[in-house]
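User: I am new to this structure and would like a close look at one part, the surroundings of the ligand. Please take me through that part step by step.

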Amino acid sequence: MIVSVVGARPQFIKAAVVSKALAQQGIAETIIHTGQHYDDKMSQIFWDELEIPAYSINLGIGSENHSLQTARMMEKIDEFLCSLQQKPKVVLVYGDTNSTLAASLVAAKLNLPIIHVEAGLRSFNREMPEEINRIVTDHLSSLLFCSSMESVEQLAKEGITSAVYNVGDVMMDAVRLFSAKAKEKINLKEVIDPEGEAYNIITIHRPSNTDNQNNLSQILDAIGTINATFIWPLHPRLAKRIKSMELPSNLLLKEPFSYLQMLSLIQHCDKVYTDSGGLQKEAYWMKKQCITLREETEWVETLHDNWNILAGSDKDKIIRASKVQAAINTWTPLYGDGFAGDKIAQIILQVYYP
Ligand code: UD1
């Protein structure tokens, strides 16, 4: 039996792909939800909408400072794994959140092999909590699935060369699998008011932007000068922060969207402004230009021909980037063929169920 550990929004989307592929191969899986994301709109809606196999336990570890959050997760994950009658064959983790790190450390301490989906990514910025989580997880893992050759090469530079597979990106599978459902189920008029009008999407959730007043103000000032409507689904952390701020009138504040709503919104938007990792790729796959509100990106392949522009939180850079166009004729597929989940399940079958 495989035990997978998830906790944050993007991990639910990845699990929707991989858990289904594992089930198709007849591999038994137990899912642990750490509770890192707990609001219904950050968590439950994804389980319902994407029909992810039910989790066996929700550990209920909500928000805390990072060390405490990780430590509390570790304690509960350890307790749960040790309570299982059948010892898991392997522990599967996704991406780079504190839930990923906690699960990896516990698995390593229990001498359980670790599978890391989305291995080998680096921002080379150790101030990002995710960078630490990725590095530690990669170096503890026994089987590593990368989204691109760049990631495979990065792992090799760090001495990790065996059991590394470039399978493509599972989030591309999710776009492939759920786009039709989004078209069928989502009525944009019910999601945003000015249906028919052109709009951009903006999302901000990185601590470097949400917790730094100067950075946040620069981003919002830039948005205020751009002649377009911006749809802004608010991460709960930011919702609390901006209550006392004066906001530009072209920002349309929204609650967090579901995955299908988000797919539909990207499909119809003009451009995407974001500090999220996943959204940079989703914009690319849907042929929308992205302005990334960070100084660096792990998804360097998307930077070609201005498809993705790094603007940081610098007002002038954001305004300049908003005027640059990507050349549609230079778009080429990135990060695999949309069947990463199947490849992952097949390799797991060969390695752990020979
Ligand atoms: C986490 C991940 C990040 C990932 C993101 C996806 C880490 C270090 N970061 O960031 O890599 O890109 O998830 O969204 O693991 N909050 C709520 N309700 C919720 C969840 C969060 O109110 O359901 C608020 C709390 O104020 C909390 C803050 O958001 O303190 C931050 O949440 P947290 O889960 O710590 O990190 P994210 O910023 O969401």
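Analyst: What follows describes the ligand's surroundings and then the two domains beside them.

The model is predicted. The domain assignment divides the protein into domain 1 (2–169 + 337–352) and domain 2 (179–330). Both domains give residues to the shell around the ligand, so the ligand lies between them.

There are 21 residues around the ligand, and those that come nearest are His37, Tyr38, Asn98, Glu130 and His235. Sorted by class, the shell has nine polar residues, six nonpolar ones and six charged ones.

Several helices take part in this shell. At least two residues each are supplied by α1 (9–24), α3 (66–83), α5 (129–140) and α11 (236–241). The largest share belongs to α11, with three residues.

Some side chains place polar atoms beside oxygen atoms of the ligand. For histidine 37, a polar side-chain atom is 2.7 Å from a ligand oxygen. In the case of histidine 235, an N or O atom of the side chain lies 2.8 Å from an oxygen atom of the ligand. For serine 63, the distance between a side-chain N or O atom and an oxygen atom of the ligand is 3.4 Å. On its own the ligand has 740 Å² of accessible area, and the protein covers 90% of that.

The two domains that share the ligand also touch each other. Their centres, taken over C-alpha atoms, are 26 Å apart. The contact involves 23 residues of domain 1 and 19 residues of domain 2. An interface's size is often expressed as the accessible area lost when the parts come together. Here domain 1 and domain 2 bury about 1800 Å² between them, and 57% of this is on carbon and sulfur atoms. Of the area that domain 1 buries against domain 2, 27% is supplied by Lys41, Glu49 and Asp169, more than by any other three residues.

Terms used
Residues are numbered from 1 along each chain as its sequence is written. This is a predicted model: local features need pLDDT of at least 70, side-chain atom pairs count only at pLDDT 80 or more; totals for chains, interfaces and linings use all residues. Side-chain values use heavy atoms; hydrogens and water are left out. A residue is near a molecule or strand if one of its heavy atoms lies within 4 Å of it. A polar contact is a pair of N or O atoms within 3.5 Å; within protein, one must be able to donate a hydrogen and the other to accept it, and residues adjacent in sequence count only if both atoms are side-chain atoms. Accessible areas come from the Shrake-Rupley method with a 1.4 Å probe; for residues, only the protein chains shown count as cover. Helices (H or I, at least four residues) and strands (E, at least two) are DSSP runs, numbered from the N terminus. Ala, Val, Leu, Ile, Met, Phe, Trp, Tyr, Cys and Pro count as nonpolar, Asp, Glu, Lys and Arg as charged, and the others, Gly among them, as polar. Domain bounds come from an automatic or database domain assignment. Contact means heavy atoms within 4.5 Å. Buried area is the accessible area (1.4 Å probe) that two parts lose on being put together, summed over both.
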